[in-house]
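The following exercises are intended for a reader who is meeting this structure for the first time. Each task is followed by a solution in steps.

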Number of protein chains: 2
Amino acid sequence: MLRLSKRVEYGLMAVLHMDQADEGAWTTAAELAATYQIPAELLGKVLQALGRAGILKSAHGAKGGYQLARPMDELVLCDVLEAIEGPFRLVRCQEEPHSCDQYEVCSIREPVLDIQQQLLEYLGGFELKAFRLKKRKINKRQENLCTTN
Amino acid sequence: MLRLSKRVEYGLMAVLHMDQADEGAWTTAAELAATYQIPAELLGKVLQALGRAGILKSAHGAKGGYQLARPMDELVLCDVLEAIEGPFRLVRCQEEPHSCDQYEVCSIREPVLDIQQQLLEYLGGFELKAFRLKKRKINKRQENLCTTN
DNA sequence: ATCAATCCCGACCTTTTTTGTCCTAATTTC
DNA sequence: GAAATTAGGACAAAAAAGGTCGGGATTGAT
């Protein structure tokens, strides 16, 4: 269905939240869960995945929590996506050929892989800093209106 | 998981097959199912969906079957995708706001919708005729090699 | 040293989605 | 009328996603 998973949504909210937190502050999973009404254990796993991927730093113990390992400006949608769901694949046959009953007779594998490749590059263009800017978006709309007129 | 569904894969194979069939010939679901080892009833539904979307024409009865309603050159990936799965949506909250527990506190809705919009336009650029051309793809690879060197 | 807050992570359950099957029409050709 | 075919509803099975639970490890505070 080509839909963003809840886990990716949670991850995006978390990253955005930490971007807007005070410099050097630690955000806890519980705090995020409460703020965004996300099941805490599930959010925990998402944050762990982001940690393993090097997007977040984590600190154990009381006064611990998470913070961005790098500024959000250096992140793109795809980073969060792949951190949480693993490598982006439009089809499964790439890694598990025998999981597909049509593998031997498939007529679309190559072109689809081609598309996957292009899409992956395109996804690399969505910068997370765009999630920050509400004002610029309004400007953008006005620009669009102008070009449409 | 952002993966193409089996049904879309089947739809693509079917369209490609009919593109390569003789002009005006009718292809039956059973024939396609046998050729590509696809469960016949399921393929049937996919073809029906493509029919409803105006991508295929169908003919009942013996000697019936399916054929392209328009040349494949005029089709893009997105046409098949949306014919089979309905409108492309990265998130569900657009059509069913109350299906999302985070709706009221969501911090990413607008930017995600923005991305969805861009992605949709980008998907409109994948022409199905690219599925036909194996030779051009080889040339393309060589070009890439040249520019990389 | 203990305790509470916190991250880590595996096991598991539940719900939703996807995939596949079955069966019964309706339509067309012969 | 019989055979081949599309149309489509109902449902079962499998897979994926979403969510819960519980135990362990680490850290800071008392």
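The exercises below concern a predicted model and treat its DNA strands and its protein interface in turn.

**Exercise 1.** Determine which residues come closest to DNA strand D, and which part of the strand the protein approaches.

*Solution.*
Step 1. DNA strand D is surrounded by 26 residues, and the closest are A:Arg92, B:Met1, B:Lys45, B:Arg52 and B:Tyr66.
Step 2. Of the atoms of DNA strand D that come within 4 Å of the protein, 71% belong to sugar and phosphate.
Step 3. Individual atom pairs can now be listed. A phosphate oxygen of the strand is 2.7 Å from an N or O atom in the side chain of B:Arg52, and another pair places a polar side-chain atom of A:Tyr10 3.0 Å from a phosphate oxygen. A base oxygen is also involved, lying 3.3 Å from a backbone N or O atom of A:Gly61.
Step 4. By class, the surface near DNA strand D has nine nonpolar, ten polar and seven charged residues.

**Exercise 2.** Identify the helices and strands that each supply at least two residues of the surface near DNA strand C, and describe the contacts made there.

*Solution.*
Step 1. Chain A contributes through α3, β1 (56-59) and β2 (65-68), while chain B contributes through α1 (6-20) and α3.
Step 2. Among the 26 residues around this strand, A:Met1, A:Lys45, A:Ser58, B:Lys6 and B:Arg92 come nearest. Sugar and phosphate make up 70% of the strand atoms that come within 4 Å of the protein.
Step 3. From chain B, a polar side-chain atom of B:Tyr10 lies 3.0 Å from a phosphate oxygen, and one of B:His60 lies 3.1 Å from a sugar or linking oxygen.
Step 4. From chain A, a backbone N or O atom of A:Ala62 lies 3.4 Å from a base nitrogen.

**Exercise 3.** Describe the interface of chain B and chain A by its area, its polar contacts and its composition.

*Solution.*
Step 1. In this interface, 45 residues of chain B are in contact with 45 residues of chain A.
Step 2. The buried area is about 4,600 Å², and carbon and sulfur atoms give 60% of it. B:Leu2, B:Arg3 and B:Gln102 supply 16% of the area that chain B buries against chain A, more than any other three residues.
Step 3. The count of salt bridges between the two chains is zero, whereas seven residue pairs are in polar contact.
Step 4. On the side of chain B that touches chain A, α5(B) gives the most, with nine residues. That side has 27 nonpolar, five polar and 13 charged residues.

Methods: Residues numbered from 1 in each chain as written. Chains lettered and ligands numbered in written order. Predicted model: local features only at pLDDT ≥ 70, side-chain atom pairs only at ≥ 80, totals over all residues. Heavy atoms only, no water. Near = heavy atom within 4 Å. Polar contact = N/O pair within 3.5 Å; in protein donor to acceptor, adjacent residues only side chain to side chain. Nonpolar A, V, L, I, M, F, W, Y, C, P; charged D, E, K, R; others polar. Helix = DSSP H or I, 4+ residues; strand = E, 2+ residues; numbered from the N terminus. Contact = heavy atoms within 4.5 Å. Buried area = accessible area lost by both parts, 1.4 Å probe. Salt bridge = Lys/Arg side-chain N within 4 Å of Asp/Glu carboxyl O.
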